[in-house]
Amino acid sequence: MEKIQEKIRQLAKEKGYTILAHNYQMQEIQEIADYLGDSLQLARLATKLDTEKILFLGVDFMAETIKMLNPEKKVIVPVKAATCPMANSLEPEMIIEAKKKYNAPFVIYVNSTIKSKMYADVACTSANAVEIVKKLNSDIVLFGPDKNLAAYVARKTGKKVISVPGETGYCYVHNYIKIDDILKLKQKYPDAKVISHPEVSEEIQKISDYIGSTSQMEKIPGEVEDKTFIIVTEKDMVNKLKNKYKEKEFIPLYTAICNNMKKNTLKNVLKALENEEFEIEIDKEIADKAVLPIKKMFELMEA
Ligand code: 13P
Ligand code: SF4
């Protein structure tokens, strides 16, 4: 471990912080985390922690979800502006209008703002979107903001899934991955299996051997004999896979970079712990309403 990493670990211990990090964090950040996971795993885990203080390393909607589920805990992030552009593409008015027009439940992808969550019926992550939509007592569902995940859910459930806002709802990191780049990699590694995140375009979904959230991607290499995998998601996901399956080979897409995930650095993580900021603060009335679809999601998962 580098000196600064040791300093961070020491300070976190002294001040009573648990460090949670998303799978897309840079390698050196992944190394200092107590827990590394996908958005669903981290949200669930945060409710089970004994510690009263959490340092979250990912993007804002993830930290906000953790804060809403644990209002009594102190949740800090190193950078205020680490946001998810896709989350910001869905506005509350779009949800209100769609619900009025179709009279159907609105399933909100957890990659969304707090203000939008206030108007949705149930939340989902990429790990449980299919399960949640299947469990809803309706053949038509409204789904936003990711149109690619919506298309995946429609194919898997056979339900009519109307994406809101529609064409403009996507993750730039996944949506712009070029099919030719994957085909070239498939040519170079003919025995490789393609594992994609459901935020990729439909044409890439169709040539993928497996599709899943980052935690689901992590399980697949352990369940199959194949030795080589092309990992179609944010490039730093392969760090975790390489670490876990030392005898297998993982090919990343070096062009798939989430700039907001990369705003966390060892330097600003250390500063965050020294100053114990920036704290996530959400108005109680807003949080009480916005947390309901997330709680409903957990309820449905247990049903
Ligand atoms: P996961 O929930 O699979 O970790 O995905 C979060 C995300 O932001 C994907 O781009
Ligand atoms: Fe948002 Fe895409 Fe980054 Fe995930 S990878 S946080 S969806 S911009």
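Visitor: How do the residues lining the second largest cavity divide into nonpolar, polar and charged?

Guide: A cavity is a set of points on a 1 Å grid over the protein atoms alone where a 1.4 Å probe fits but cannot get out, and lining residues have an atom within 4 Å of a point. Ala, Val, Leu, Ile, Met, Phe, Trp, Tyr, Cys and Pro count as nonpolar, Asp, Glu, Lys and Arg as charged, the others, Gly among them, as polar. Here the split is seven nonpolar, two polar and no charged. Keep in mind that this is a predicted model, where local features need pLDDT of at least 70, side-chain atom pairs need 80 or more, and totals for chains, interfaces and linings use all residues. Residues are numbered from 1 along each chain as written, chains are lettered from A and ligands numbered from 1 in written order, and side-chain values use heavy atoms, without hydrogens and water.

Visitor: Which helix gives that lining its largest share?

Guide: Helices are DSSP runs (H or I, at least four residues), numbered from the N terminus. H4 supplies four residues, the largest share, and H3 (39–48) gives at least two. Phe-61, Met-62 and Thr-65 are among the lining residues.

Visitor: What volume does the largest cavity have?

Guide: A volume is the space filled by probe spheres set on the points, joined across faces, edges and corners. The largest cavity holds about 260 Å³, the second largest about 40 Å³. Of the 24 residues lining the largest cavity, Tyr-24, Met-62, Asn-111, Glu-199 and Met-261 are closest to its centre. H9 (172–175) brings three residues, the largest share of that lining.

Notes:
On a 1 Å grid over the protein atoms alone, a cavity is a set of points where a 1.4 Å probe fits but cannot get out, and a pocket is an open set with protein on both sides within 12 Å along at least five of seven lines; lining residues have an atom within 4 Å of a point.
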